[in-house]
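Work through the exercises below with the structure open beside you. Try each task before reading its solution.

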Amino acid sequence: MNTYEIIVVGGGPAGLAAAIEAHKSGAKNILILERDRELGGILQQCIHNGFGLHIFKEELTGPEYAERFIREMDALGIEYRLDTMVLEVRNDRTVDIISSKHGFETLQAKAIVLAMGCRERTRGAINIPGTRPAGVYSAGAAQRFVNMEGLMVGKRVVVLGSGDIGLIMARRMTLEGAKVLAVAEILPYSGGLTRNIVQCLYDYDIPLYLSHTITSIEGRDRVEGVTIAQVDTKRQPIPGTEIHYDCDTLLLSVGLIPENELSKTAGIQLDPVTGGPVVNECMETSVPGIFACGNVVQVHDLVDWVTEESRKAGRNAARLVLGQITEGEPDLRTRANHGVRYVVPHTIRIENIEKEIDLMMRVTDPFKNKYLVVKHGEDVVKKVRKAHLTPGEMESMKIPVEKLRGLTGELTVCLEEVAHEA
Amino acid sequence: MKRDLICIVCPMGCRCSIEEDTSAPKGYKVTGITCKRGEDYAIKEVTEPTRMLTSTVRIEGARLPRLPVRTSGAIPKERIGECMALINQLQVRHPVAMGQVLLKNLFDTNVNLIASRSL
Amino acid sequence: MFDITIIGGGVIGCLIGRELSRYRVKTLLIEKDSDIANGTTKANSAIVHAGFDAKPGTLKGKFNVEGNALYDRVCGELSVPFKRNGSMVLAFSESELPELYNLEKRGRQNGVPGLELISGDEARRREPHLAKEVVEALYAPTGGIVSPWDLAIAAAENAIDNGMEMSLDTEVTGIERIPDGYRLITTGTAIESRIVINCAGLHSDRIHNMVATPAFKIIPRRGEYFVFDRSEGNHVSHTIFQCPTPNGKGVLISPSVHGNLLVGPNAEAVQDAEHTETTAAGLASVREAASKSSPDVAYSAVITSFAGLRATPDTGDFIIGEVKEAPGFIDVAGIESPGLTAAPAIAIHVTELVRERLGNPAANPEFTPTRRPMVHFSHLPAEAKSAWIQKDPRFGRIVCRCESITEGEIVDAIHRNAGARTVDGVKRRLRPGMGRCQGGFCGPRVVEILARELNIPMTEVRKDRPASVLLTGVTKSASEAVIA
């Protein structure tokens with residue numbers, strides 16, 4: 001059986017950053033496994049700009065962001081395999097893989113980093129009554145066709161969901177000559193970045209209907225039209241508010257879900273809220289020696305944060321291999337409370353924190369002017385005032401290790417009122 | 001003329017109005033904005049709005065039929081249509097390196113069209 | 001001149017075609033759509049009924065029990081997934097017991113083996129997710145589940161292996177009598193045939209009326225269903241029915257042979273055979289009705305919903321036989337439930353009618369009852385996987401991540417007899433796009449493979465029928481190229 005120090009599952013931004021950081025941290029025998037025909041993952045089809053502002057302090061497109069990491073990985077001589085599918089990951093840190101080139105193999109690693117990313121939610125689609133014609137695409141599938149294959153998926157388009165991919169595709173389709181008629185969002189606010197709403201929709205006079213959903217799809221063979229309607233607070237369509245569009249295409253941008261089929265094969269504990277593995281301060285999952293990072297853990301809104309999180313996972317995987325991690329029960333568990341939907345990481349062993357711990361979280365609803373508070377019992381560990389909070393934007397709080405020393409039990413993260421100022 | 005804008009400088013997404021006001025230091029009165037950066041954004045949006053443009057061009061002999069491209073900097077917003085027309089008729093040949101200039105000095109703006117990946 | 005032309009490539013037409021291929025006859029199967037199994041066959045409950053529903057003495061009663069008994073052999077020969085998971089009919093109150101006992105009695109009259117009346121507690125012991133209101137249940141061990149489209153496709157493939165011909169995208173627009181048979185006017189070329197078998201499903205009344213005075217009418221009855229992720233596949237192990245009403249067998253909850261959970265259908269008469277859309281009200285009624293049987297089905301795990309149309313005849317029973325005023329024209333019409341179960345028996349019966357008409361043609365000496373085995377790559381042991389990949393590297397490339405389908409399997413599904421020519425066709429044969437992601441990842445790759453294997457541009461690959469265009473053009477096509 002071939003053995004490696006570290007096997008990284010997935011060659012997208014998370015896997016690349018983890019592998020590079022692991023190498024820099026002293027692990028030398030690293031293998032990246034990628035199922036696609038090239039590295040870079042979904043970044044290769046995200047040809048729009050807006051990547052890298054935090055990591056590179058400049059504005060790059062997805063392929064550029066990917067290529068910078070691929071070059072660095074090549075320069076370090078890290079081994080990778082393309083067109084290689086991981087079939088199973090086991091808790092003894094063996095993985096089964098297949099590829100056209102090498103057939104079926106089982107590999108052994110000292111540490112594994114899971115970096116499989118996420119997939120698009122289709123649940124929004126299935127509850128739409130009507131026919132099942134051609135012309136209904138997830139925004140990501142359409143993006144691949146248009147940007148990589150040079151193929152148009154339609155001419156008159158309605159988008160359901162105001163996630164960033166949907167907004168970006170509305171602009172892309174418009175620039176390629178399609179007419180984008182409307183974007184309908186079932187929530188009263190958009191999950192996409194304001195910048196995308198302005199530059200992808202309003203620049204092109206595409207209306208955004210908040211609190212609206214698709215109530216029917218028409219067309220037996222190809223989409224011929226859709227009807228949207230306003231929804232009430234229970235997300236039920238309000239009769240009489242219907243707007244009908246003649247269109248040939250419906251794009252769905254209704255959210256992303258961490259892709260954890262392989263994590264399940266290894267018996268890794270998942271967080272039902274994030275859909276990703278429960279992780280500790282090292283980004284290690286409930287199975288010792290198996291780490292996870294990027295969108296497989298929690299869906300990020302910026303690739304820059306994926307890179308940061310993955311560097312952490314890669315560095316800690318190397319530390320584990322080099323015997324620099326103290327194993328044992330966690331000192332602290334984190335818990336989301338009042339207005340906070342989830343917190344990552346889930347557990348903390350204080351001894352393994354190098355300088356500070358970065359807690360990442362999302363809020364449940366949009367809020368204005370609140371304190372984001374980390375508490376140990378009734379004691380405030382850290383408190384930050386936030387003028388604006390929205391579920392679409394991930395929040396993070398860095399806590400120096402000194403503030404945690406000696407603590408045990410639970411760390412809660414919640415929102416608190418800002419006392420009214422005169 | 002008064003215009004309504006949504007500020008994109010930070011996640012606050014301030015809804016603001018802007019109108020010409022010769023008495024104001026910068027010649028514009030901006031209401032509804034909460035910071036200086038937002039005010040600058042609003043004035044730029046009405047005086048000389050610019051955008052970075054990303055798209056694809058045809059490529060021959062490569063593994064994929066399209067090469068992603070972008071402008072090396074922001075171009076005037078009103079030039080986007082013309083710029084797309086130039087992009088749409090462009091065809092390049094494999095191999096292309098990331099950052100390679102495909103069209104120089106678009107509309108005399110000193111901005112180039114560059115390849116945004118190697119292919 | 002064909003000896004026999006079968007109109008309609010549903011499970012009935014395909015099984016008749018296969019049965020006929022046992023003899024030295026020249027048979028053609030025509031189908032108006034771009035794939036077989038594309039009508040009622042692709043969208044039904046996928047149940048092999050035990051046979052206690054139909055009134056004794058009806059064709060439904062006769063062919064149901066006979067058909068059920070044939071399933072092990074037919075599915076074994078054709079390697080089609082089939083499982084006798086047993087079925088239960090639930091009674092929720094004392095007032096439903098007479099109907100339950102009536103079913104049991106009818107079942108015995110029809111010759112259904114192994115029927116058993118069990119208490120509510122016993123039913124819950126066997127199926128822990130059943131509602132506490134269940135007072136008694138009828139258990140039928142011979143009830144089963146099957147993949148109806150796999151059965152139809154396998155039968156057509158095997159029939160073609162044995163010499164049958166098939167023509168897709170061929171819709172009959174008129175039928176003329178000629179001295180020794182019929183001339184079918186179609187959207188393709190005209191077809192002459194001594195015998196015509198009308199298996200046109202929802203359209204069988206229209207086809208019948210092309211050669212004879214109207215004798216029956218088909219009323220399409222829509223049924224809507226939910227399909228659940230495999231995570232819910234073990235919610236029940238038996239097929240769970242409620243006591244039937246005049247409208248049908250009611251809403252059932254059943255595992256599928258592919259490991260998903262199926263809940264449905266409702267029953268609603270619709271205008272025409274095109275009305276396969278689901279409705280918010282219909283799906284809500286299915287959910288409500290099913291909650292009576294099992295209140296804790298996790299609807300968050302629904303991966304898709306669909307609607308199918310039953311070809312309900314106004315006569316109340318299957319219509320099978322030669323039309324008196326049109327010698328050589330055989331109706332096999334009104335095959336609503338338990339039509340899928342009855343299909344293998346109907347096929348044998350119709351073949352007998354045809355043989356009689358044709359003066360007992362000789363057996364086909366080349367007939368083989370099995371087809372070339374399908375490779376289910378993900379089920380193979382490790383060494384076998386490597387061996388397959390060495391033989392054909394395309395088996396080393398997984399296209400559908402949710403269902404672990406390889407490029408090798410997709411290519412095979414395209415090039416087999418009665419092979420896939422559309423994205424839905426690939427999906428129906430192999431299930432890419434039927435998993436959690438519903439084709440998000442594999443869709444573009446399947447289009448690419450279809451284009452390559454059928455030697456057509458990607459823009460000509462269709463989802464299903466000719467008008468179901470997937471890609472509307474190429475980018476940058478409006479401008480002349482300028483070489484940089």
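The exercises cover an interface, three salt bridges and a pair of domains in a predicted model.

**Exercise 1. Describe the interface of chain A and chain B by its residues and buried area.**

Step 1. Take the residues. Chain A puts 30 residues into the contact, and chain B puts in 29.
Step 2. Take the area. The two chains bury about 2,600 Å² between them, with 55% of it on carbon and sulfur atoms.
Step 3. Find the main contributors in chain A. A:Glu64, A:Glu67 and A:Leu175 lose the most area to chain B, together 17% of what that side buries.

**Exercise 2. Find the polar pairing across this interface, then the elements of chain A behind it.**

Step 1. Count the pairs. There are 5 salt bridges across the interface. Polar contact joins 9 residue pairs, both residues at pLDDT 80 or more.
Step 2. Pick out one salt bridge. A:Glu64 pairs with B:Arg70, and their closest N and O atoms are 2.8 Å apart.
Step 3. Place the chain A side. Elements that each supply at least two residues include α4 (139-149), α5 (164-175) and β26 (379-389). The most comes from α2(A), with 5 residues.
Step 4. Sort that side by residue class. It holds 9 nonpolar, 9 polar and 12 charged residues.

**Exercise 3. Place the salt bridges A:Arg315 with A:Glu354, C:Arg429 with C:Asp35, and C:Arg126 with C:Glu122. Which residues are buried, and which partly exposed?**

Step 1. Start in chain A. The closest N and O atoms of A:Arg315 and A:Glu354 are 2.9 Å apart. A:Arg315 lies in helix α8 and A:Glu354 in the loop between β23 and β24, 39 residues apart. A:Arg315 is partly exposed at 25% relative accessibility. A:Glu354 is partly exposed too, at 49%.
Step 2. Move to C:Arg429 and C:Asp35. Their N to O distance is 2.8 Å. The pair ties together parts 394 residues apart in sequence, because C:Arg429 lies in helix α11 and C:Asp35 in the loop between β2 and β3. The cut-off for buried is under 20%. C:Arg429, at 10%, is therefore buried, and C:Asp35, at 1%, is buried.
Step 3. Finish with C:Arg126 and C:Glu122, at 2.7 Å. They are 4 residues apart in helix α4, so about one helical turn separates them. C:Arg126 is partly exposed at 23%.

**Exercise 4. Locate the domains of chain B and give the separation of their centres.**

Step 1. Read the assignment. Domain 1 covers 3-47 and domain 2 covers 54-115.
Step 2. Take the centres over C-alpha atoms. They are 32 Å apart.

Key. Residues are numbered from 1 along each chain as its sequence is written. Chains are lettered from A and ligands numbered from 1 in the order in which they are written. This is a predicted model: local features need pLDDT of at least 70, side-chain atom pairs count only at pLDDT 80 or more; totals for chains, interfaces and linings use all residues. Side-chain values use heavy atoms; hydrogens and water are left out. Contact means heavy atoms within 4.5 Å. Buried area is the accessible area (1.4 Å probe) that two parts lose on being put together, summed over both. A salt bridge is a side-chain nitrogen of Lys or Arg within 4 Å of a carboxyl oxygen of Asp or Glu. A polar contact is a pair of N or O atoms within 3.5 Å; within protein, one must be able to donate a hydrogen and the other to accept it, and residues adjacent in sequence count only if both atoms are side-chain atoms. Ala, Val, Leu, Ile, Met, Phe, Trp, Tyr, Cys and Pro count as nonpolar, Asp, Glu, Lys and Arg as charged, and the others, Gly among them, as polar. Domain bounds come from an automatic or database domain assignment. Buried means under 20% relative accessible area, exposed over 50%, partly exposed in between (1.4 Å probe, protein chains only).
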